[in-house]
Amino acid sequence: MKFVSEFRRSELAQGLIAQIHRQSKTPVRFMEFCGGHTVTIFRYGIRQLLPKTIDMVSGPGCPICVTANADLDKAIALAQIPGVIIATFGDMLKVPGSSSSLQEAKAGGADVRTVYSTMDALKIAEDNPDNAIVFLGIGFETTAPTIAVSILQAMEKGLKNYCVLSLHKLCPPVIQALLESGELKLHGLICPGHVSAIIGSRPWEFIARDYAVPCVISGFELLDILQSVDMLVSQVESGRSQVEIAYRRGVRPEGNQQALRLMSQVFEPAPAQWRGMGEVPGSGLKLRKKYQRFDAALAFDVTPVPTREPVGCICGDILRGVKTPADCKLFSNVCTPENPVGPCMVSAEGSCSAYYLYGGGLER
Amino acid sequence: MNDKILLAHGSGGKLAHDLVEKGLVKAFSNPFLAKLDDSAVIDLSGRLAFTTDSYVVSPIFFPGGDIGKLAVCGTVNDLAMSGARPLYLSLSFIIEEGFLKSELDKVVNSIQRAAEEAEVKIITGDTKVVHRGSADKLFINTAGVGIIAEGVNISGNNARPEDKVILSGTIGDHGIAVISRREELGFSTKLESDCAPLGGLVAEMLNASPNIHCLRDPTRGGLATSLNELAKQSKVSIRIEEEKIPVREEVLAACEMLGFDPLYVANEGKLVAIVPPEDANKVLKTMRRNRYGENAAIIGEVGVEKPGRVVMKTVLGASRIVDMLVGDLLPRIC
Amino acid sequence: MCLAIPVLIKSIKDKEAEVEIGGISRKISLWLTPEAKVGEYVLVHTGYAINVLDQREAEETLSLLEQIVGMAEEEG
C-alpha cells in the first residue's frame, strides 16, 4: 500500500461515477472549499462526468487567492527594506498587489527567495546572521502548525534574525461567514482533507447542525473526490445532514493533537482580511505576546503603497462562489496567466487558473 | 600554481593564448582549430540548417551532465529537429573571474566527449572573462551548422490531420534532476538528466521514413509547450492520451512533492515526432531500437477541430486542455 | 490546497526522519507527529509530517469502494 496509485484506479472511478448517476435525483449545489480539490476536479474532468443534477462550485479555500491586497502590499514593502531577505512559498511570487508583486520587487533588487519549507528559511537565517529573514506565513490550518514549529525552533537555536509575517487563515470561521451571508445556497460541502487532518472533524459540525448542510471530509485523489460526492448525494437523498470522514486514512475525528497544541502555544485567533469578504472575526492567527519578537508586523515599520483593488476584477465574488470565471469580463482576454489581474488567475488552484488551464468545459 | 581563471585569461595576452591553445584546442583537436585562424573556413553545399543557443544553467554540474554536455547536445538537437545531420559547432565561453580551472577542465572534457558521440567538430570559438558577479560562474554560447538531405522536409507547420504523435521516451527527467541539486529544495534522487545528442536517432528515423512531418525537442516548457507550438504553427489540434505518456516514478514523485505537472518539466534528450499514420509503426520500431528511443510511444494524433489547441484525454476518459507553460515552474504549497 | 504527499519513513534521528517516495528521498520534520515510527507512511506538507497514515483504514476504504462498484454493477 503506497497510498497514491491505489486511489487513482480508473475502473473504480468509473464505477463510482455510475453509482452517483444512479443515486442522484435531487438537483443540488455542492461546494468544494479547498483549492486542491478544485485542481483534482479539473485535472480529471470530473465535472463533465457528473450528472446534470449536480452543480459544483468552488470555494475560497485557496490561501493565495484570499490574501488581501493590503497584506500583500505589506509583504512587498518589507521586501524593499535593505538587509531584509524575504523567504516565501513559491505560490506568492507572482500575485499582483496594488502596484507590484514579489517577483517584480525581486527583479528590482529585493532579496526574495522561494523555499519549500520553513526549515529552509531557518537555514537561510543561520547562514545570513547579518540579515533579517522574514517568512511569509500564508496557508490554512495545515500550514500554520509548521510555522509555529519554525518559531519554536528559532527560539531553541537562539536565532535573532528570523521572524514571521502571519497571514494565516482559519477555515471554519469563513465558511460560517459565507453561510451566514445567505448569498449562497449550498446542499453539500466537500471539506478540506489536510486542514481536517490537523483540526479533526468536530470544527465542521456546526455546518451540518446549524445550517443543515451535509459535509464530507475528502482526500485529494480521484477516488477520494468521487467517494465524497457519492457520500454527499447519499446524505441528500436520505435527508441527513452530518459530518462524515471519507478520508479515513488521513483524518481522525480528534485531529492532530500535537499540532493543535503547538499551534495554540504560538498563535492566537485574530480578525483577518479575506479578499472579497472583508474582515472576518477570529479567522486569522496572530503571534502570542511571548513570541512577539518573532512577529514581522511588529519588528518593522513599513508604509505600504495605498491599497488599490484591480478594476473589474471579480475574484471576491468568485471566491464566495456567487460568480464563476465565465462571468468575469476580464477573464481570458485582459486577465490571463501571463498577465494576471487578480490572484485567482495566478494561483495554481485558483478557480480562474483552473478554468483557463484545464478548459472548464473546453470553452474559451 | 594559480588555480583560478583571471581577467587576464580573457584579454588576448599570453595567459589567454595558453588557455586556448593548451586547453581548448588540445581538447577539441581538429584541423580547423589547429589552424588558429580568426575564422574557420568550411566547404559545404546543399540546404544547411543553422542554429544558435546560449546556456546559463545553474548549477553547472548536475546528475547526468553539466553545462558543457548540455551545450553540445542542445545545439546538435536543434539541428537534428530540422532533419539535418549536425556537422560543426562554434563555442564561446563567458567565464566569471575566479572560476576554478579544474571546473573549466571538467566542462571542456565533457564537451569533447559529447562532441565525439554526436560526431560534430568544434571548429571556432571565443573566450571572455568578466568581473566577479557579472556572470554566474560560466555561460556558454554556441552556433551550429548541419546539412539536410534531399527530400527531407521537416517543419513545425507540416502536421496534417490523422498524423500520429510519437514521443521518444520518459518526460521530466532533466528538469527534476537539475532542481534536485537546488539546496533549498533539499531532496535527493538517483534520477539523472536525460541530456543526449539525438542526431543519430533522427538519422535512423529518416531512413525508416523520409516523410516525417515535424520534429521538436521539448526543452524549456516541456512537452506541453512544444505540442502547443506545433499545433499553432500547423493550425491543427493535437489530441494526446495521459495514460500513454511515459513518466518515471521518481519524476512523478518529485512533481507531486513540489506541485509540478510533468508535462511542463524540461527535457534535454527527447523528441516529439509527427509522422503520417502509415509510417508511424515503422518509425516507432526504429526508435525503440536506439538507446535514446527505447521507451518511445505513440501518445496521440493530429486532428482538425479547435485548431491550435492541445487536448488530453484523462484516465477517466474526460478531456482537458493542455496549455503552454506560462512563466516559470515554482514549487508550491497549495 | 495543502499539497501533502504520502512518504515512507526509512530512518529517524531526534525529531527528523529520512523518508522516501517513488525513489526520491528527503529529510523531514517529525515535530508534529512524534509518535511516527520507521516503516510507517506519513503525510508530508512543506517538509513536515502532519499525520501518520492509517494503512488499515486505507485498505478498508478501497474494499468499501470495490463493494460499492461491485454492487452497482450487479444492480446493472
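## Exercises on strands, interfaces and core

Leu43(C) faces its partner Asn51(C), a residue of β5(C), from the opposite position. The model is predicted: local features need pLDDT of at least 70, side-chain atom pairs count only at pLDDT 80 or more, and totals for chains, interfaces and linings use all residues. Residues are numbered from 1 along each chain as its sequence is written, while chains are lettered from A and ligands numbered from 1 in the order in which they are written.

**Exercise 1.** Describe how β4(C) and β5(C) pair.

*Solution.* Helices (H or I, at least four residues) and strands (E, at least two) are DSSP runs, numbered from the N terminus. Two strands pair if DSSP finds at least two bridges between them.
- Strand β4 (residues 41-45) of chain C and β5(C) are antiparallel, with 4 bridges.
- The hairpin they form has 2 residues between the strands, and Thr46(C) in this hairpin has a positive phi near 45°.
- In β5 (residues 48-52) of chain C, 5 of 5 residues are buried; a residue counts as buried if 20 or more other C-beta atoms, placed from the backbone, lie within 10 Å of its own, as exposed if 12 or fewer do, and as partly exposed in between.

**Exercise 2.** Which elements does chain C bring to chain A?

*Solution.* Residues are in contact if their C-beta atoms, placed from the backbone, lie within 7 Å.
- On this basis 32 residues of chain C meet 42 residues of chain A.
- At least two residues each come from β4, β5 and α1 (55-75) of chain C.
- The most, 12 residues, come from α1(C).
- By class, the chain C side has 19 nonpolar, 8 polar and 5 charged residues; Ala, Val, Leu, Ile, Met, Phe, Trp, Tyr, Cys and Pro count as nonpolar, Asp, Glu, Lys and Arg as charged, and the others, Gly among them, as polar.

**Exercise 3.** Set out the strand order of the open sheet in chain B.

*Solution.*
- The sheet has 7 strands in the order β9-β11-β7-β12-β10-β13-β14 (chain B), with mixed pairing.
- Its edges are β9 (214-216) and β14 of chain B, each of which pairs on one side only.
- Ignoring direction, neighbouring strands are turned by 25° against each other on average.
- β9(B) runs antiparallel to β11 (residues 272-275) of chain B, with 3 bridges, and Leu215(B) is opposite Ala273(B) in β11(B).
- Edge strand β14 (residues 319-321) also matters to the next count: where chain B contributes 20 residues and chain A 33 residues to their contact, β14(B) gives the most on the chain B side, with 3 residues.

**Exercise 4.** Where does the largest nonpolar core lie with respect to the domains of chain B?

*Solution.* A nonpolar core is a set of buried Ala, Val, Leu, Ile, Met, Phe, Trp, Tyr and Cys residues joined through C-beta atoms within 7 Å. Domain bounds come from an automatic or database domain assignment.
- The core has 255 residues, and those touching the most other members include Ala273(B), Val42(C) and Val44(C).
- Helix α11 (residues 222-237) of chain A supplies its largest share, 9 residues.
- Domain 1 (7-148) and domain 2 (164-321) of chain B both give residues to the core, so it lies between them.
- Beyond its neighbours within four places in sequence, Val44(C) is in contact with Ala4(C), Ile5(C), Val7(C), Val19(C), Ile28(C) and Ala49(C).

How values were computed: Two residues are in contact if their C-beta atoms, placed from the backbone, lie within 7 Å. Axes are lines fitted to C-alpha atoms, for helices over the stretch in contact, and angles run from 0 to 180 degrees between N-to-C directions.
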